[in-house]
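Hi there,

Here is the structure I promised to pass on to you. Have a look at it first, and then read my notes below.

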Amino acid sequence: MDVPVSGRPDRLIRWEQRMEAPLFVASLLFLACYAVRVLARGIDPLWRDLALAVTLATWLVFAADYAVRLVLSGQRLRFVRTHWLDTVVLALPLLRPLRMVKVYTAVQKRHDEPRLSLHARVMAYAGLTAVLLGFSGALTVYSFERTAPGATIRTFGDAVWWTCSTLTTVGYGDVAPVTAWGRLVAAGMMACGLALLGAVTGSFSSWLLQVFAREGEDAGRPPGS
């Protein structure tokens, strides 16, 4: 086993660096093909089957990456606990596009130092997560609800409107899922919305307090000091 770096083997770090771009492409393909399967109902069945094949292929890419990192880490079952987000993303196709956030993290770093402050990173990650999760959630809820008896979510526009009101915890109630799977997705979206809102609000409040504290220190200094 290679010498650990920051608690992780060198081979694992090199693997993760090499896989950043392929996983980014796989995430985009998964989301695009899933959208085709849900939205493009009138296209040739051949294209729908092709989209399904690409979706399954991208899932295999994520599964293979997870298996390789599990072996390289040397942690065995402990890897599942320490990398719980990756485990959830592997199990739930709805959350697979969130892997794109890893690429955003890598781009923002230079010489292992983040270019953005902690507060800016939290708000940026939360915003990117909300967009990806919202689009995926709208697609999933729409696929379950569009043909359900008594459904109020009949179009993709309805699903997007519902997603926005759910993630922001507004909850107008004009449209809502009626199927069991749709409500299960809604419960997850509500939990994610609360977590994202709390992260952004807390980070923004902390940033404001730091700004006010610096301004107070500057005001208390003698002129010319």
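Which residues form a nonpolar patch on the surface? They are F24, V25, L28 and L29, and together they have about 310 Å² of accessible area. Please keep in mind while you look around that this is a predicted model.

One member of that patch, V25, sits in helix α1, which covers residues 10-39. V25 has a relative accessibility of 45%, so it counts as partly exposed, because the partly exposed class runs between 20% and 50%.

Now for the chain as a whole. The protein chain has eight helices and four strands. Starting at the N terminus, its elements follow the order β-β-α-α-α-α-α-β-β-α-α-α. Of the 225 residues in the protein chain, 33% are buried. The accessible surface of the chain comes to about 13,300 Å², and carbon and sulfur atoms account for 68% of that. If you take the contacts with a separation of 6 or more, 60% of them are between residues 24 or more positions apart.

Another spot to find on your screen is T169. This residue lies in the loop between α7 (156-167) and α8 (180-220). With a relative accessible area of 38%, T169 is partly exposed. Setting aside neighbours within four places in sequence, T169 is in contact with G193, L194 and L197. You could also look for M189: T169 and M189 are 20 residues apart in sequence, and their C-alpha atoms are 9.4 Å apart in space.

Enjoy exploring!

Best wishes

Definitions and conventions
Residues are numbered from 1 along each chain as its sequence is written. This is a predicted model: local features need pLDDT of at least 70, side-chain atom pairs count only at pLDDT 80 or more; totals for chains, interfaces and linings use all residues. Side-chain values use heavy atoms; hydrogens and water are left out. Helices (H or I, at least four residues) and strands (E, at least two) are DSSP runs, numbered from the N terminus. Buried means under 20% relative accessible area, exposed over 50%, partly exposed in between (1.4 Å probe, protein chains only). Contact means heavy atoms within 4.5 Å. Patches are made of residues with over 30% relative accessible area and no salt bridge: like charges are joined within 9 Å, nonpolar side chains (Val, Leu, Ile, Met, Phe, Trp, Tyr) within 5 Å. Accessible areas come from the Shrake-Rupley method with a 1.4 Å probe; for residues, only the protein chains shown count as cover. A salt bridge is a side-chain nitrogen of Lys or Arg within 4 Å of a carboxyl oxygen of Asp or Glu.
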